[in-house]
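Colleague: I should like to go through the reasoning behind several assignments in this model. Please show the structure, and then set each value against its criterion.

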Amino acid sequence: MTETHDAPFKVRIGLGIPSPGWWKSGFGYALTTMIGHFERSHLSIPEDRRPELVTIVIDGHLPQVRHQIAGTALMEGCTHLLWLDTDMMFPADTLTRLLSHNVDVVGANYPRRTYPHVPTAHYGGGGREGTVWTEDDKRGIEEVKHVGLGVCLMHMRVFEAVDAPYFAF
């Protein structure tokens, strides 16, 4: 006999914030407006089915902190992990837009902080190589070899498919 469960699937999103010990004010503003937008956009959903947000902030050296955040998200039962670096600014609907793509990994292409300020996304394979230059008129998503984690949503099954440590320089 197969057992059935009436409980609805619950989305639980970890907001993974690796911190150098400080946040830029623009990041704080972007984070609070994104959380507010996300919460307001789900008010019509019954409370027991609303997505939950879990904030995970850890200070320290980036590879270790990213590993700790991923581990914490796994322990917290998160279904997704949204990476947000404290020097990033993003629109209020960022989380909603990234979730809507329904893929295992989706991120924003942004310029590197250090010179040369080239984008973090790069093509690799399929006849396309090199840096991804995102133009203002580009819409949707495209497959890349890698993208920065400054603003990046991952389904937690990504971490279940690889061995730790998850990050290294």
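Colleague: Why is the sulfur of Cys152 not in a bond with the closest cysteine sulfur?

Modeller: The model is a predicted one. In it, the closest cysteine sulfur to that of Cys152 belongs to Cys78, 15 Å away. A disulfide requires two cysteine sulfur atoms within 2.5 Å, so the separation of 15 Å is too far for a bond. The structure accordingly holds zero disulfides.

Colleague: What makes Cys78 and Cys152 count as buried?

Modeller: The criterion for buried is a relative accessible area under 20%. Cys78 has 8% relative accessibility and therefore counts as buried. Cys152, at 0%, is likewise buried.

Colleague: How do you know which residues lie closest to the centre of the largest pocket, and what is its volume?

Modeller: The volume of the largest pocket is about 1,100 Å³. Its lining comprises 35 residues, and Gly107, Ala108, Asn109, Gly140 and Ile141 are the closest to the centre. Helix H3 (94-100), strand E4 (105-107) and strand E7 (151-155) each contribute at least two lining residues. By class, this lining has 20 nonpolar, seven polar and eight charged residues.

Colleague: Which helix supplies the largest share of the lining of the second largest pocket?

Modeller: Helix H2 (62-75) does, with four residues. The second largest pocket has a volume of about 850 Å³ and is lined by 31 residues, with Leu62, Arg66, Asp85, Tyr110 and Arg113 nearest its centre. Its lining divides into 18 nonpolar, eight polar and five charged residues.

Key
Residues are numbered from 1 along each chain as its sequence is written. This is a predicted model: local features need pLDDT of at least 70, side-chain atom pairs count only at pLDDT 80 or more; totals for chains, interfaces and linings use all residues. Side-chain values use heavy atoms; hydrogens and water are left out. On a 1 Å grid over the protein atoms alone, a cavity is a set of points where a 1.4 Å probe fits but cannot get out, and a pocket is an open set with protein on both sides within 12 Å along at least five of seven lines; lining residues have an atom within 4 Å of a point. Grid points are joined across faces, edges and corners, and a volume is the space filled by probe spheres set on the points. Ala, Val, Leu, Ile, Met, Phe, Trp, Tyr, Cys and Pro count as nonpolar, Asp, Glu, Lys and Arg as charged, and the others, Gly among them, as polar. Buried means under 20% relative accessible area, exposed over 50%, partly exposed in between (1.4 Å probe, protein chains only).
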